[in-house]
Amino acid sequence: MTISFRAGALSLAAALLISSPVFAEGSKLDAVLARGHLVLGTGSTNAPWHFKSADDKLQGFDVDMGHIIAKALFGDPDKIEFVNQSSDARIPNITTDKVDITCQFMTVTGERAQQIAFTIPYYREGVGLMLKADGKYADYAALKAAGSSVTISVLQNVYAEAMVHAALPEATVDQYDSVDLIYQALESGRADAVATDQSSLAWYMTQNPGRYKDAGYGWNPQTYACGVKRGDQDWLNFVNTALHEAMTGVEFDFYAKSYKTWFGKDLAPPQIGFPVEYK
């Protein structure tokens with residue numbers, strides 16, 4: 001009787017597993033491979049992350065993450081279909097399978113991680129300060145030492161003043177309603193420095209070589225990662241592997257070239273030998 005019961009229990013368990021959604025539908029990885037191209041959700045209006053070139057081609061750092069994943073899938077970085085989506089569509093398009101993955105400067109938060117699965121990070125954002133190369137102040141230390149004599153231009157936001165004062169407690173904060181205006185304030189001398197995302201500053205300095213410099217201080221860190229649908233560990237593992245090897249392994253040259261293009265900085269090659277992840 002015991003043997004019969006165990007055999008029946010095992011048969012029941014096997015039947016339940018075979019009929020479960022994971023086994024019936026398979027992994028997104030298999031579906032994408034069968035389709036022959038990746039469907040990536042991203043935007044088209046935020047340089048240097050995702051924007052159109054003069055010939056209407058989608059480009060940017062987020063876009064390049066998609067090319068990395070496509071190459072890992074098919075050996076061809078261009079086997080990819082882009083879905084242009086607004087920021088508020090990033091998560092819904094994942095959960096409804098409109099896209100295979102979203103890479104769209106999406107900040108990792110606990111609340112979002114309850115709705116989707118995040119990949120490993122591919123960039124760490126933060127707030128930075130940009131100065132004129134020939135300006136009055138040499139760096140962050142000089143700005144802080146100047147106290148209330150310093151004026152910082154920043155994009156208008158309910159948190160803007162508190163954000164700036166976290167780094168420069170005594171500075172005067174001037175808020176503007178567009179990104180162009182915060183840069184114009186610095187150029188005209190109405191502001192001594194601009195405070196905004198480090199990536200935006202890096203891109204702006206890349207577009208205007210020699211005119212501006214980084215003050216050398218960053219704060220308010222945020223992690224950027226791609227997002228996939230929850231419950232598919234094979235797909236998540238594959239994307240993580242593709243991104244990991246772009247940042248530390250066989251596809252590093254592609255990642256480093258993209259980083260240099262959009263942020264103007266050379267990355268040091270990964271060290272050979274003991275894996276850096278475990279140091």
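Contact, in the exercises below, means that heavy atoms lie within 4.5 Å. The model they refer to is a predicted one.

**Exercise 1. Describe the surroundings of Ala-70, and say which residues distant in sequence it touches.**

Solution. Begin with the place of the residue: Ala-70 lies in helix α4. Next, consider its accessibility; a residue counts as buried when its relative accessible area is under 20%, and Ala-70, with a relative accessible area of 0%, is therefore buried. Then list its partners: when neighbours within four places in sequence are left aside, Ala-70 is in contact with Leu-38, Gly-75, Asp-76, Pro-77, Lys-79 and Ile-80. Finally, look at a separation along the chain: Val-39 is 31 residues away from Ala-70 in sequence, and the C-alpha atoms of the two are separated by 9.2 Å.

**Exercise 2. Check the span of helix α4, and decide how far the rest of the structure encloses this helix.**

Solution. Helix α4 covers residues 61-74, which is 14 residues, and at 1.5 Å a residue these should span 20 Å. The C-alpha atoms at the two ends are 20 Å apart, so the expected span and the model agree. For the second part, count the buried residues: they make up 11 of the 14, and α4 is therefore largely enclosed by the rest of the structure. The buried residues are Phe-61, Asp-62, Val-63, Asp-64, Met-65, Gly-66, His-67, Ile-68, Ile-69, Ala-70 and Leu-73. Just after the helix comes Gly-75, which takes a positive phi of about 75°.

**Exercise 3. Work out how helices α3 and α11 are placed relative to each other, and which residues make their contact.**

Solution. Helix α3 spans residues 28-35 and helix α11 spans residues 233-248; they pack at an angle of about 70°, and their axes are 7 Å apart. Angles of 65 to 115 degrees count as roughly perpendicular, and α3 and α11 are therefore roughly perpendicular to each other. On the side of α3 the contact is made by Lys-28, Leu-29 and Val-32, and on the side of α11 by Asp-234, Trp-235 and Phe-238. Sorted by class, this contact has four nonpolar residues, two charged residues and no polar ones.

One of these residues, Lys-28 in helix α3, can be followed further. Its relative accessibility is 16%, so Lys-28 counts as buried. Apart from neighbours within four places in sequence, Lys-28 is in contact with Asp-97, Val-99, Asp-100, Asp-232 and Trp-235.

**Exercise 4. Lay out the sheet that contains β2, β3 and β4, and find which strands stand at its edges.**

Solution. The three strands form an open sheet in the order β2-β3-β4, with antiparallel pairing. Strands β2 (45-46) and β4 (58-59) stand at the edges; each has a single partner strand, so one side of each is left without a neighbour in the sheet. Strand β3, residues 50-52, runs antiparallel to β4 and is joined to it by two bridges. Lys-52 stands opposite Leu-58 in β4. Between β2 and β3 there is a loop, in which Pro-48 lies.

**Exercise 5. Which backbone angles deserve a second look at Pro-48, Asp-97 and Asn-220?**

Solution. As a starting point, most residues other than glycine have a negative phi, and most peptide bonds are trans. Against that background, Ala-47 and Pro-48 are joined by a cis peptide bond, with omega at about 5°. Asp-97, although not a glycine, has a positive phi of about 65°. This residue, Asp-97, lies in the loop between α5 (90-95) and β6 (101-102), and its relative accessible area of 39% makes it partly exposed. Asn-220, also not a glycine, has a positive phi of about 55°. Asn-220 is found in strand β11, residues 212-228, and with a relative accessible area of 37% it is partly exposed.

**Exercise 6. Describe the protein chain as a whole: how many helices and strands are there, and what percentage of the residues count as buried?**

Solution. The protein chain has 12 helices and 11 strands. Of its 279 residues, 42% count as buried. Its C-alpha atoms fill a box of roughly 85 × 40 × 40 Å along the principal axes. Lastly, among contacts between residues at least 6 apart in sequence, 65% join residues at least 24 apart.

Methods:
Residues are numbered from 1 along each chain as its sequence is written. This is a predicted model: local features need pLDDT of at least 70, side-chain atom pairs count only at pLDDT 80 or more; totals for chains, interfaces and linings use all residues. Side-chain values use heavy atoms; hydrogens and water are left out. Axes are lines fitted to C-alpha atoms, for helices over the stretch in contact, and angles run from 0 to 180 degrees between N-to-C directions. Helices (H or I, at least four residues) and strands (E, at least two) are DSSP runs, numbered from the N terminus. Angles under 35 degrees count as roughly parallel, over 145 as roughly antiparallel, 65 to 115 as roughly perpendicular and the rest as oblique. Ala, Val, Leu, Ile, Met, Phe, Trp, Tyr, Cys and Pro count as nonpolar, Asp, Glu, Lys and Arg as charged, and the others, Gly among them, as polar. The expected span of a helix is 1.5 Å times one less than its number of residues. Buried means under 20% relative accessible area, exposed over 50%, partly exposed in between (1.4 Å probe, protein chains only). Two strands pair if DSSP finds at least two bridges between them.
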